[in-house]
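Look over the sequence and the model before reading on. The report below goes through some helix pairs, some single residues and the overall build of the chains.

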Amino acid sequence: MNTTYGVIAVALVAVATLGIGAFGLRFSRTTSDFYVASRSISPVWNSAAIGGEYLSAASFLGVAGLVLASGADMLWYPIGWTTGYLMLLVFVAAPLRRSGAYTLPDFAQVRLQSDAVRRVATLLVVAVGWLYLMPQFQGAGLTLRTVTGAPTWVGTVLVAVIVVINVVSGGMRSITFVQAFQYWLKLTALLIPLFFLLHAWSDDGRPSPVAPSDWFQPFGEADGPGLYLTYSVMVATFLGTMGLPHVVVRFYTNPDGHAARRTTLIVLALLGSFYLLPTLYGVLGRIYAGDLVASGRTDTVVLELPSRMIGGTTGEVLAALLTAGAFAAFLSTSSGITMSIAGVVGQGLAKHAATLPITRKVGLTTITALRLAAAGGVLVPLALALSAERIAVANSVTFAFALAASTFCPLLVLGIWWRGLTATGAIAGLVGGGLCAGVAPVLTIAWGPGGWLGVLMSQPAAWSVPIGFGLMVGGSLLTRSSVPGNVARTMVRLHTPEHVDVDRRS
Amino acid sequence: MDNASTAVAVAVVLVATAAFVRWRLLTRRRTLGSPADRATYKTLHTASLAAPSLRRGLDAESAAQAIPHVRALLGTSTVAITDLDGPLAWDGAHADVDVIPLMSDALARGTTQASARAIVAPLSVDGRVVGSIVVVSDEASAGLARATTEVARWMSSQLELAELSESRSALVEAELRALRAQISPHFIYNSLGAIASFVRTDPERARELLLEFADFTRYSFREHGEFTTLAEELRSIERYLVLEKARFGDRLRVVTRIAPEVLSVTLPFLSVQPIVENAVRHGLEAKDGSGTLTVIALDEGAECVITIEDDGVGVDPDTVRDALVGRTTSSSVGLANVDARVRTVYGDAHGIVVETAPGHGTKVTLRIPKFHPMPPTAG
């Protein structure tokens, strides 16, 4: 593969991401433009932004790699990542927006009036963010190695550095249009090469993929562990999306609950059409790049196909386009997550500084706190990414989904739809579910047990989500007397459409 | 061999001694205090269980949550809590006693009333009877009457605390209402003057300006809601500037930079418009030639940063400082008012920041958190 094109593509995306933030602001020089400036972002833009931030390395590279390696049963990943928004639409979107919460800890505070729950939720946001950042950094290393032959740590460190610069320099001040642009960039980067590839495949006499029969089965080898893994992936992805910190933050941009629902609906359509593409790459990979399975580099199939199937300058330009798309995926997702981690931690730090006695104030403003948190928040996933290189990108991102599904999903669903939730119950569920889903990836990365234990640890959602729900319900029932006094008011606020004139004060 | 068995024996003795000491300590701790002491602890604990619900005020829900603990305190078979209209909650066995006359008596006189099988003690807040506690027992002894009176007195003190916290939040609301920005009489006078000047020369423009004026006043005079969204506030600023431009003509230029993400931020009603008005009246009006007003709203993570800047005549920083602490009433009253309100709502860390010097324009910065636990009441 020609290095020059690839490097140019990566550089262009990096510069665009760093520089474009300022252009998202709406400038106007006349008073009549004021009207335009004060109009909220439409659900179409907003949903493209959510899509841009959500479609990560796992979606762009990982899905094709998994389909190449394991076949039809891996389609449950993209199905789950899309269906997560259906769950979000049905159970969470509008009430969450109406709660006025900007982050998940905010929601916990609105609903349960408890600082303790807020703190636990803050820690969990950081944990989910770290688990989600790790595969992004890994994917970046992989991509850069494929393009330039540099060692994997170069790409990993590069993306981490760009993200920190971006967040610390305030480049994320108006991010919606940047992220929306990233969605269309990723879609185009997959779509255009695919036309060429399909054309080449057609010229080739349309060969079918050669694979063992279970490659074509929706449940793979339908034995015990295989079936368990499939169901576990479904639980994690269906229920985990609503608890991803960078997704929730985006909903604040919607002016009201109705717009939040419309945004989610459009996101479903955008993601549904996007995920058709990596699947086709996976199938083509089975035909033309089957050797990648043996060498364990399935995640690079998207980047390798153009040079293998077309070659020449065309192939190189197409490969560069795909590289640009992949880098857009790492940068947009990592920036979004780092920003939401930094936001939540910075909020906590600033609040803590505000409560210090006046003599001990260190002058920690919110923005300094935000920057400190951003820089600190990137180091841990960076270390994780450098030490855990043998897990497939799409697999390891599922750890983040499993953790979110075991903790924030119960908090949101029970908090919105059940009056009986108490602060104690919520903490029990968050801590219990969080420990179960948090220990599993640590064990898998550090030790990698075999047999059923290994299976249970590699996809914990199927058992950790019920534990999270169970602890939350059980803990709440045991402490029934401490249901927040204003729960009825909060419920009115969460569930009444904005145009209905009711007293929303608590 | 001998050594080994000695060692084992010594170990056994040591362990047994430790276990005995531990057992003694544990049993000692268990018998801490005399029976009377323990009864006191138990009573205090039961009282503390009933307190949180009572401190929310007297209604059916709080009465229902408190009543099992109240019954445990009194140790009787049946207890009821009433307000002035009738029973709120009832706990215990069904009792076939007509307590209505007794209750009316207690509520009317404000003292404990007892009959053969029932005792009614009034609950009062600030000397005003708000309800009663009814105890039905097979033998209504003088001791039980005394206990009921004391429990009623304790419950009354908890209800008074409820009243206190209610009046505290009412105070904050009243403070916000009192601080509510007023549309300035100068502005009304100037606007109407400017509109009048167009009536003959450009009637269509005069009509448009009158409609803008109507919309502006409708927003500013609205009755309900102490909060609004930044989008609404910007619309009001737009109308204000259209009216001012009618007066200034080309002398007033306006530049805006708004991050659309922060448009849905809720903030105190009329907290930006007075800053803009201040910039126009005290910064640009006095300036010769044209002046530029810049309105910027940026997204900074969990906060929204709003900046209003003008390149007008500026002002001595000490004057602004005096105005903000309320020492003068002349200029910058709008600024002081906004400052006081955002401090009341968001705390002292979120007051306005004014950067200014004579001849160098004025820049006012306002940081609004995106999330605030006090729910918005924007209508």
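In this predicted model, helix α5 (residues 76–98) of chain A packs against helix α10 (residues 224–240) of chain A, with the axes 6 Å apart and an angle of about 35 degrees between them. The crossing of α5(A) and α10(A) is right-handed. On the side of α5(A), the contact includes W76(A), Y77(A), G80(A), W81(A), T83(A), G84(A) and M87(A). On the side of α10(A), T230(A), V233(A), M234(A), T237(A), F238(A), L239(A) and G240(A) take part. Sorted by class, the residues in this contact of α5(A) with α10(A) are 8 nonpolar, 6 polar and no charged. A rule about helices helps in reading such lists: an α-helix has 3.6 residues a turn, so residues three or four places apart point the same way.

A second pair in chain A is formed by helix α4 (residues 57–70) and helix α7 (residues 115–148), whose axes come within 10 Å and cross at roughly 60 degrees. This crossing of α4(A) and α7(A) is left-handed. From α4(A), the residues A57(A), A58(A) and L61(A) meet P135(A), Q136(A) and G139(A) of α7(A). Here the classes come to 4 nonpolar, 2 polar and no charged residues.

Two residues from the helices of the first pair can be looked at singly. Is V235(A), in helix α10 of chain A, buried or exposed? V235(A) has 23 C-beta neighbours inside 10 Å, and the cut-off for a buried residue is 20 or more, so V235(A) counts as buried. Leaving aside neighbours within four places in sequence, the contacts of V235(A) are with A405(A), A461(A), A462(A) and V465(A). V235(A) also lies 9.8 Å from Q459(A), C-alpha to C-alpha, although 224 residues separate the two in sequence.

L86(A) belongs to helix α5 of chain A. L86(A) counts as partly exposed because it has 15 C-beta neighbours inside 10 Å, and that class lies between the limits of 12 or fewer for exposed and 20 or more for buried. The C-alpha atoms of L86(A) and M242(A) are separated by 9.6 Å, while the two residues are 156 residues apart along the chain.

Helix α14 (residues 301–309) of chain A is mostly covered, with 7 of its 9 residues buried. The buried residues are V301(A), V302(A), L303(A), E304(A), L305(A), P306(A) and M309(A). After α14(A) comes G311(A), which has a positive phi near 70 degrees.

Chain B has positive phi values in residues that are not glycine. Two such residues are D126(B) and L270(B). The table sets them side by side.

| Residue | Phi | Loop in chain B | C-beta atoms within 10 Å |
|---|---|---|---|
| D126(B) | near 55 degrees | between β4 (118–125) and β5 (128–136) | 9 other C-beta atoms |
| L270(B) | about 50 degrees | between β8 (266–268) and α9 (273–284) | 25 other C-beta atoms |

With its 9 other C-beta atoms within 10 Å, D126(B) is exposed. L270(B), with 25 other C-beta atoms within 10 Å, is buried.

The chains can also be described as a whole. Chain A has 21 helices and 1 strand. Of its 506 residues, 56% are buried. Among the contacts in chain A with a separation of 6 or more, 82% join residues 24 or more positions apart.

Chain B has 11 helices and 12 strands. Its radius of gyration is 34 Å, well over the 21 Å that the globule rule gives for 379 residues, so chain B is more spread out than a compact globule. Along the principal axes, the C-alpha atoms of chain B fill a box of roughly 105 × 85 × 35 Å. In chain B, 37% of the 379 residues are buried, and residues 24 or more positions apart account for 64% of the contacts with a separation of 6 or more.

The domain assignment divides chain B into domain 1 (1–32), domain 2 (35–177) and domain 3 (182–369). Between the C-alpha centres of domain 2 and domain 3 of chain B there is a distance of 53 Å.

Terms used:
Residues numbered from 1 in each chain as written. Chains lettered and ligands numbered in written order. Predicted model: local features only at pLDDT ≥ 70, side-chain atom pairs only at ≥ 80, totals over all residues. Helix = DSSP H or I, 4+ residues; strand = E, 2+ residues; numbered from the N terminus. Rg over C-alpha atoms; globule rule 2.2 N^0.38 Å. Contact = placed C-beta atoms within 7 Å. Axes fitted to C-alpha atoms, helices over the stretch in contact; angles between N-to-C directions. Left-handed = near helix turned anticlockwise from the far one by under 90°. Nonpolar A, V, L, I, M, F, W, Y, C, P; charged D, E, K, R; others polar. Domains from an automatic or database assignment.
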